[in-house]
Amino acid sequence: MTSAPRPPAGAPSAHVADLSEVDLLMRLARRWRSVGTAGTGHGLSPHQERGLLALARLARRTQQDGSAEHSRHGERLPSPGVRISHLADHLGIAPRSATEVADALESARLLTRSPDPTDRRAVLLRLTDEGWRAVAAARDRRRAAADEAVAALAPADRAELRRLLETLLQT
């Protein structure tokens, strides 16, 4: 029995060669995201860590939009929190699934829940200090994986990659 001929070393495999550039970028992003969930120390699934990172983004966005409250002395107070429905919309999942993510994050002591003062039927989610540390650790792991991958490129290739990414970001 003869095996199929192998592509030359360094050549993309047939299934990768058939992917579009967008598919390749998405595959690479998924790989780097999955690296971020390795070793969270909280036993989070990739789905739960995605929720954790989304909560951090939404909380920061609330503060950057100027909608965070200020004390009498002018310092910024913690954001009022994120509704589960907003988290669900951001992640593109059902509210019940977002509730399950919040349950897991609360069990891991990465977030707290409190009543929404503007709607007693709603609950607000806030990251704990440990939650913010977990966010920072996940981002650091993802950044390290990306840096390691990019470091494998020759300087000219890195410069070209940067040029192309900047062009795409401007469109």
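**Sheet, core and salt bridges**

In the predicted model, R113 has a relative accessible area of 26% and is therefore partly exposed, since it falls between the limits of 20% for buried and 50% for exposed. R113 forms a salt bridge with E106, and the closest N and O atoms of this pair are 2.9 Å apart. E106, with a relative accessible area of 34%, is also partly exposed.

The strands of the model form an open sheet of 3 strands, in which the order is β1-β3-β2 and the pairing is antiparallel. The edges of the sheet are taken by β1 (82–83) and β2 (111–116); each has a single partner strand, so one side of each is left without a neighbour in the sheet. Strands of a sheet are held in pairs by backbone hydrogen bonds, in either a parallel or an antiparallel arrangement. Between β1 and strand β3 (residues 119–127), which run antiparallel, there are 2 bridges. Within this part of the sheet, R83 stands opposite L124 in β3. Helix α5 (residues 95–107) lies across β2 and β3, and its direction makes an angle of about 125° with β2.

Helix α4 spans residues 84–91, and its buried residues include I84, L87, A88 and L91. These four are on the same side of α4, because the arc they cover around the axis is only 100°. After α4 comes G92, which has a positive phi, near 70°.

L87 also appears in the largest nonpolar core of the model, which has 25 residues; L52, L55, L87 and L105 are those with the most contacts inside this core. At least two residues of the core are supplied by each of α3 (46–64), α4, α5, β3 and α6 (129–151). Helix α3 provides the largest share, with 6 residues. For L55, the contacts beyond its neighbours within four places in sequence are V82, L87, L105, L111, L125 and L127.

Across the whole structure, the search for salt bridges finds 10. One of them joins D116 and R83, with the closest N and O atoms 2.6 Å apart. This pair links distant parts of the chain, as D116 is in strand β2 and R83 is in strand β1, 33 residues apart. The two partners have separate classes of accessibility. D116 has 7% relative accessibility, which means that it counts as buried. R83 has 30% relative accessibility, and it therefore counts as partly exposed.

Another salt bridge is found between E166 and R162, whose closest N and O atoms are 3.0 Å apart. Both residues belong to helix α7 (residues 155–170), and because they are 4 residues apart there, about one helical turn separates them. E166 counts as partly exposed, at 35% relative accessibility, while R162 is exposed, with a relative accessible area of 57%. Elsewhere, E49, R141 and R142 are joined into one network by salt bridges that share partners.

Notes: Residues are numbered from 1 along each chain as its sequence is written. This is a predicted model: local features need pLDDT of at least 70, side-chain atom pairs count only at pLDDT 80 or more; totals for chains, interfaces and linings use all residues. Side-chain values use heavy atoms; hydrogens and water are left out. Two strands pair if DSSP finds at least two bridges between them. Contact means heavy atoms within 4.5 Å. Axes are lines fitted to C-alpha atoms, for helices over the stretch in contact, and angles run from 0 to 180 degrees between N-to-C directions. Buried means under 20% relative accessible area, exposed over 50%, partly exposed in between (1.4 Å probe, protein chains only). The arc is that of the directions from the helix axis to the C-beta atoms. A nonpolar core is a set of buried Ala, Val, Leu, Ile, Met, Phe, Trp, Tyr and Cys residues joined through side-chain atoms within 4.5 Å. A salt bridge is a side-chain nitrogen of Lys or Arg within 4 Å of a carboxyl oxygen of Asp or Glu.
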